[in-house]
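I opened the model to look at the ligand site, the cores and the cysteines. My notes follow in the order I looked things up.

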Amino acid sequence: MSFEDKTVWITGASSGIGEALTYALSKRGSKLIISSRREQALERVRRQCAIPSEVEIIPLDLTETGTLPQKAEQARSAFGHIDYLFNNGGISQRSLAVDTDMEVVRKVMEVNFFGTVALTKAVLPAMKQRQSGHIVVTSSVMGKFGTRLRSAYAASKHALHGWFDCLRQEIHDDNIKVSLVCPGFIKTDVTLNALEGDGSKHNKMGEGQKKGMEPSTFAQKLLPKILREKEEIYIGGMELMGVYLKRISPRLLNAILRNSDVT
Ligand SMILES: NC(=O)c1ccc[n+]([C@@H]2O[C@H](COP(=O)([O-])OP(=O)(O)OC[C@H]3O[C@@H](n4cnc5c(N)ncnc54)[C@H](OP(=O)(O)O)[C@@H]3O)[C@@H](O)[C@H]2O)c1
């Protein structure tokens, strides 16, 4: 099993994890469709790929769910079909729940949850028809437990687990796989781009992010696990312990997190 000649659609490809996945897959000989809002940033990523001629750019905004079926049609016609959809685009949050405007809660849910669901629904019929496909979703360790300052973000990632766990069972007999990926701290601009309670950009690098794993290392670790069709994947540092501790003692995990620096 390899990614060579496979068609892979990656959202959130203009920076961070999605950008690193794009380079890693281009090196492995994949045909790529890369998406996010910023077309110029996607052009820069394409130029840096191993095989730029095998990279198609489709700009999209995950909050504009009505446009996504047509984007999926465009993506399918680029190389004939889609083998993998990497639902990776997303935004984070840095604000206390009590200070977070409802518009911000909705925005985080729109991008991370509704956009991801809508795009997945747009590619599913063709995958079902081919009886083949693999949907990868970048969740987070925040999809498995919560900390201060991330109420909407953690809610959006938890919601992904609910929806995709159900979907996985529904499409098993169509030979379509679902992998939920839970990164810990990865050194990207995710905290800089995070929303504050009033919707403004946080613009500060998180302490965890500064010490996080390089996105290229993350991509190298992730891809073999996707080929092995793992259903839930955790990649990161010590913060992954939270996932396991939550199963044994949620109370102890909460006590530890209350006293941790989660900025
Ligand atoms: N870095 C971490 O420590 C970490 C940990 C756990 C999970 N994650 C998840 O990993 C994924 C990638 O994040 P990252 O760390 O690589 O951060 P990032 O560098 O900020 O990348 C976020 C990507 O999402 C795209 N995006 C944001 N809003 C969008 C929208 N409305 N429509 C379409 N695309 C949109 C951005 O592109 P444009 O601005 O061009 O639209 C960008 O390419 C996210 O789902 C994030 O929640 C990250």
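**Ligand site.** I started with the shell around the ligand. Helix H1 (16-27) and helix H5 each supply at least two residues of it. I kept in mind that this is a predicted model. I counted 31 residues surrounding the ligand. The closest are Ser15, Arg37, Tyr153, Thr188 and Gln209.

Next I checked polar side-chain atoms against the ligand. Thr188 places one 2.6 Å from an oxygen atom of the ligand. Ser36 has one 2.8 Å from a ligand oxygen atom. For Asp61 I found a polar side-chain atom 2.9 Å from a nitrogen atom of the ligand. Then I looked up the cover. On its own the ligand has 870 Å² of accessible area, and the protein covers 97% of that.

**Cores.** Which residues have the most contacts inside the largest nonpolar core? I noted Trp9, Ile82, Val123, Ile135 and Phe164, in a core of 34 residues. I then listed the elements that give two or more residues to this core: helices H3 (68-79), H4 (102-130) and H5 (151-170), with strands S5 (133-138) and S6 (176-183). H4 gives the largest share, 12 residues. Another core lies apart from this one. That second core has 31 residues, including Ile17, Leu42, Met213 and Leu227.

I went back to Phe164 for its contacts. Leaving aside neighbours within four places in sequence, Phe164 touches Asn87, Thr116, Thr120, Ile135, Val137, Val178 and Leu180.

**Phe113.** I found Phe113 in helix H4. Is Phe113 buried or exposed? Its relative accessible area is 13%, so I put Phe113 down as buried, the cut-off being under 20%. With neighbours within four places in sequence set aside, its contacts are Val108, Ser156, Ala159, Leu160 and Trp163. I also took the spacing to Leu180. The two residues are 67 apart along the chain, and their C-alpha atoms are separated by 13 Å.

**Cysteines.** How many disulfides does the model hold? The count comes to 0. I looked at Cys182 to see why it has no partner. The closest cysteine sulfur, in Cys166, is 16 Å from the sulfur of Cys182, so the pair is too far apart for a bond; a disulfide needs the sulfurs within 2.5 Å. Cys182 has 0% relative accessibility, so I logged Cys182 as buried. Cys49 is at 6% relative accessibility, so Cys49 went down as buried too.

Key. Residues numbered from 1 in each chain as written. Predicted model: local features only at pLDDT ≥ 70, side-chain atom pairs only at ≥ 80, totals over all residues. Heavy atoms only, no water. Core = buried A, V, L, I, M, F, W, Y, C linked by side-chain atoms within 4.5 Å. Buried < 20%, exposed > 50% of the residue type's maximum accessible area, 1.4 Å probe, protein only. Helix = DSSP H or I, 4+ residues; strand = E, 2+ residues; numbered from the N terminus. Contact = heavy atoms within 4.5 Å. Near = heavy atom within 4 Å. Polar contact = N/O pair within 3.5 Å; in protein donor to acceptor, adjacent residues only side chain to side chain. Areas by Shrake-Rupley, 256 points an atom, 1.4 Å probe, with all protein chains shown as cover.
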